[in-house]
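This report describes strand pairing, helix packing and two loop residues in one chain. The structure comes first, followed by the description.

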Amino acid sequence: MLVSVSSWVCPTRWRKGLRSSIYMQALGVARLVNPVSVRVRCSLSSRAVGVQSSRIMTGPTTPKPTLLFRQLFEKESSTYTYLLADVAHPDRPAVLVDPVDKTAERDVALVEQLGLKLLYVMNTHVHADHVTGTGLLKKKIPGVKSAISRASDAEADVQLDAGEKIYFGNLHLEVRPTPGHTKGCVTYVTGEGMEQPRPRMAFTGDALLIRGCGRTDFQGGDASQLYRSVHSQIFSLPKDTLLYPAHDYKGHTVTTVEEELRYNPRLTKDEVRNCVYGQCMFPSVFFLPFYVRNRGSLAYADNQIKLLTLIFFSESCLNLFAEGIQAYYAEYAPNSLSASFTITL
Ligand SMILES: N[C@@H](CCC(=O)N[C@@H](CSS)C(=O)NCC(=O)O)C(=O)O
């Protein structure tokens, strides 16, 4: 089912009501006819042109923003920290995303060497695997503000809500809520405007990892919610958007929306199946005795699964469960797939 509403040519305010009603109609039609392709076009209004021309008028006095970008790595927790700055701006203002305490010295030194003015230290979520460098950086660089989502319930100078923009010079990051790994997870996305970096860049935290996603078995995780978050907030970005995760355990550095839509084994299957092997229907406590968690792989202690607790679930649930196990097995232990397993009640 494809519903494509070219809202980007619609003037934002005065057509908002019309746009959403067209959108709802499109969805309605889409639900009735499947598959269907609905394309709705709005013409460019004088208001939108007005907005553009006022931006152009500020052009000569404001230098075109220029992004300085660094991807930094902390090897113990396999965490990426990202430094972004507008180096066309006289102050060279900067932000750091997901710093780690162990590498705070390195980050301070880099900020100084590059002559940047660090404005914000931003976290995509409350990290479970390492201590954030936020506190140390705030001590070492006076005036720096910490930022995290309001939904994370964590303390910070700035608590961010969906859609908010954090400016550094003439560049900004937009806040997109992507809960599922934790309830307060957000993705920071570079701006949409004409002078913002192209392709766009998204800092996905632990919501989306390259060919994977954040685990959902603790910290208020919810696999189904994570699936919806990634599809609605990240996969809806332009296909060439560069995706930068908070971790990588396999030596990858960056991916794109297009690549993950095609190759991400966890986030491109249908939701129900994902939900099953993402452990949302079956609490981990039921799973734990039956697998050995080993660096991202699931290795069954033996190929017989005697899960008496399943007696409480319907037959269709049981089938989905079996399908989920097979899918997980195929993904993580393809060489062992020839071995069959049985579910004995
Ligand atoms: N699978 C990792 C183990 C470290 C880990 O659990 N990382 C978290 C993010 S930090 S809370 C995670 O969500 N990993 C994804 C996963 O599939 O487990 C490893 O290979 O070392």
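Glu-164 is partly exposed, because 17 other C-beta atoms lie within 10 Å, a count that falls between the limits of 12 or fewer for exposed and 20 or more for buried. The model is a predicted one. Glu-164 sits in the loop that links β8 (158-160) to β9 (165-168). A second loop residue, Asp-248, is found between β15 (242-245) and β16. Asp-248 has 19 other C-beta atoms within 10 Å and is therefore partly exposed. Outside the four places to either side in sequence, Asp-248 touches Ser-78, Tyr-80, Leu-209, Ile-210 and Thr-253.

Each of these loop residues can be paired with a residue elsewhere in the sequence, as the table shows.

| Residue pair | Separation in sequence | C-alpha to C-alpha distance |
|---|---|---|
| Glu-164 and Ser-149 | 15 residues | 10.0 Å |
| Asp-248 and Gly-212 | 36 residues | 9.4 Å |

**Parallel strands and their crossovers**

Strand β5 (residues 93-97) runs parallel to β6, and 5 bridges join the two. Val-97 faces Met-122 of β6 across this pairing. Strand β6 (residues 117-122) is mostly covered, with 5 of its 6 residues buried. How are β5 and β6 connected through helix α3? Together with helix α3 (residues 104-113), the two strands make a right-handed β-α-β unit. From β6 the chain continues through helix α4 (residues 134-140) to β7, in a β-α-β crossover that is again right-handed. The pairing of β6 with strand β7 (residues 145-149) is parallel and has 3 bridges. Within it, Tyr-120 has Lys-145 of β7 as its bridge partner.

**Helix α3**

Which residues of α3 are buried? They are Ala-104, Asp-107, Val-108 and Val-111. Viewed down the axis of α3, the buried residues lie within an arc of 100°, so they line one face of the helix. An α-helix has 3.6 residues a turn, so residues three or four places apart point the same way. Ala-109 and Gln-113, on the other side of α3, are exposed. The cover over the buried residues of α3 includes β3 (67-74), β4 (79-86), β5, β6 and α4. After α3 comes Gly-115, which has a positive phi, near 65°.

**The nonpolar core**

The largest nonpolar core has 51 residues, and Ala-94 and Val-95 touch the most other members. Beyond its neighbours within four places in sequence, Val-95 is in contact with Leu-84, Leu-119, Tyr-120, Met-122, Ile-166, Phe-168 and Leu-173. In soluble globular proteins, nonpolar side chains tend to be buried together.

**The mixed sheet**

An open sheet of 6 strands has the order β9-β10-β11-β12-β15-β16, with mixed pairing. Its edge strands are β9 and β16 (255-256), each of which pairs on one side only. β9 pairs with strand β10 (residues 171-177) in the antiparallel sense, over 4 bridges. Phe-168 stands opposite Leu-171 of β10 in this arrangement. Phe-168 is also among the contacts of Val-95. The loop that holds Asp-248 leads between β15 and β16, which are both strands of this sheet. The loop that holds Glu-164 lies between β8 and β9, and β9 is an edge strand here.

Technical notes:
Residues numbered from 1 in each chain as written. Predicted model: local features only at pLDDT ≥ 70, side-chain atom pairs only at ≥ 80, totals over all residues. Pairing = 2+ DSSP bridges. Right-handed = clockwise from strand over helix to strand, strands pointing away. Contact = placed C-beta atoms within 7 Å. Core = buried A, V, L, I, M, F, W, Y, C linked by C-beta atoms within 7 Å. Arc of directions from axis to C-beta.
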